[in-house]
Amino acid sequence: ERLILSSLRKKYNESDSRLMADVLLFGQLSGKTSHGIVRLFVGNSSILSQTPKGKPEIIVKSKISSIIIGNGNPGMLIGPLAMKEAIRIAKKEGVGFVGTKDTHTSSGCLSYYLEKIALQNLIGIIMAQSPLSTPINGGIEPLFGTNPMSFGIPSEPYPFIFDMATSAISFGALLKAKTLGQKIPINVAIDKYGNSTTDPEEAIQGATLPFDNSYKGAGLAMIVEILSGLWPGADFSGLNEQGGWGNLFIAIHPGIFMDPKEFKEKVHLLVEKAKQPFE
C-alpha cells in the first residue's frame, strides 16, 4: 500500500490516489495479480504513463442513466466513480446505467466493484471494452478487446460474484508473464501470423483467442464491444479511437421483481445447492 500510494501521489491528488490504490490492492491481494501492481508501472496503458486532460465529468442523460467522460484519467479512477453513480441511481430509481469513455487504462478487477454493489443489496452487471486484442472466431485480425463481463448478486452471508474475460487470457496476464519472463498456456493466443504461441510478447503483437475458441466466445466479445464501447461513445473495434476505452456499469434493485430479503435467501439456497458436489 505504501509503494502504491507513494507512486500515485507523484501524479494524482490524495483522494484520487486512494481510490485507485484500493482497486489495485484488491487485484493484488485477491490473487488477480494481472490486475494488481503490474497495472501501475508496466506498459503504455499503465496508470503512471497517463497524462490526464482534466477532471472526469459526469453527464446525466436521464433519470436512470449517466455518462462519465474520463478525460484521459485512469480506468481505476473512473471505475469507482461509475460504481458510486450506478448505486446512487439504482437506490433512487430501481435501476441505474452508467457508461464511461475516454480512459486509456484498465478499470482493474471488476469483482472489486461487484462486491461493493452487491453489499449495497443491489444486483451488479459490469462490462469493459478494451483495446483490440481478440479476433472474430476463425480470424487473426484483432477486432475486440479481452472484454470482460461480470455479475454480482446479493446473497447471505456473502455476495455471489461471476467475473470472466471473453478472451482465453487477459491482457494483464500477458503483461505479467512478459515482465516475469514466463510462458503463457497453449491455445490461448496466436502470433501475428496466426500461429499458436506460448510467448507473451508474440501474443501481444498477435492476438488473444476467444475463451472457448468458438463463435460463442467471439459473439459475447462482440456484445461487450457494443454495450460497453459503442453505446457509451467509447472506441469500438478501432472505429472510434478518440473515444478511448469504455465501460458499462449497471445496478439493479432486486425489489423491482421480488422482496429483497426473499431474493437473497433464495440466491443463498441456490449457491448452497451448487456447492454440494464439492462437499
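This passage describes a helix, a sheet and their surroundings in a predicted model.

The sheet is open and contains 7 strands. Their order is β1-β2-β3-β11-β4-β7-β8, with mixed pairing. The edges are taken by β1 (residues 57-62) and β8. Each has a single partner strand, so one side of each lacks a neighbour in the sheet. On average, neighbouring strands are turned by 15 degrees against each other, direction ignored. Within the sheet, β4 and β11 pair in the antiparallel sense. This pairing spans 7 bridges. I123 has I252 of β11 as its bridge partner.

Helix α4 lies across part of this sheet. The strands it crosses are β1, β2 (65-69), β3 (95-103) and β11. Relative to β3, α4 runs at about 160 degrees.

Helix α5 spans residues 110-118 and is mostly covered. Of its 9 residues, 7 are buried. These are L110, S111, Y112, Y113, L114, I117 and A118. Both helices and strands contribute to the cover. The helices include α2 (14-29) and α4 (75-93). The strands include β4 (123-129), β7 (149-153), β8 (160-164) and β11 (245-252).

The axes of α2 and α5 come within 8 Å. They cross at roughly 105 degrees. An angle of 65 to 115 degrees counts as roughly perpendicular, and α2 and α5 are therefore roughly perpendicular to each other. On the α2 side, the contact is made by D22, V23 and F26. S111, Y112, Y113 and E115 make it on the α5 side. By class, this contact has 4 nonpolar, 1 polar and 2 charged residues.

Notes:
Residues numbered from 1 in each chain as written. Predicted model: local features only at pLDDT ≥ 70, side-chain atom pairs only at ≥ 80, totals over all residues. Heavy atoms only, no water. Buried < 20%, exposed > 50% of the residue type's maximum accessible area, 1.4 Å probe, protein only. Helix = DSSP H or I, 4+ residues; strand = E, 2+ residues; numbered from the N terminus. Contact = heavy atoms within 4.5 Å. Pairing = 2+ DSSP bridges. Axes fitted to C-alpha atoms, helices over the stretch in contact; angles between N-to-C directions. Parallel < 35°, antiparallel > 145°, perpendicular 65-115°, else oblique. Nonpolar A, V, L, I, M, F, W, Y, C, P; charged D, E, K, R; others polar.
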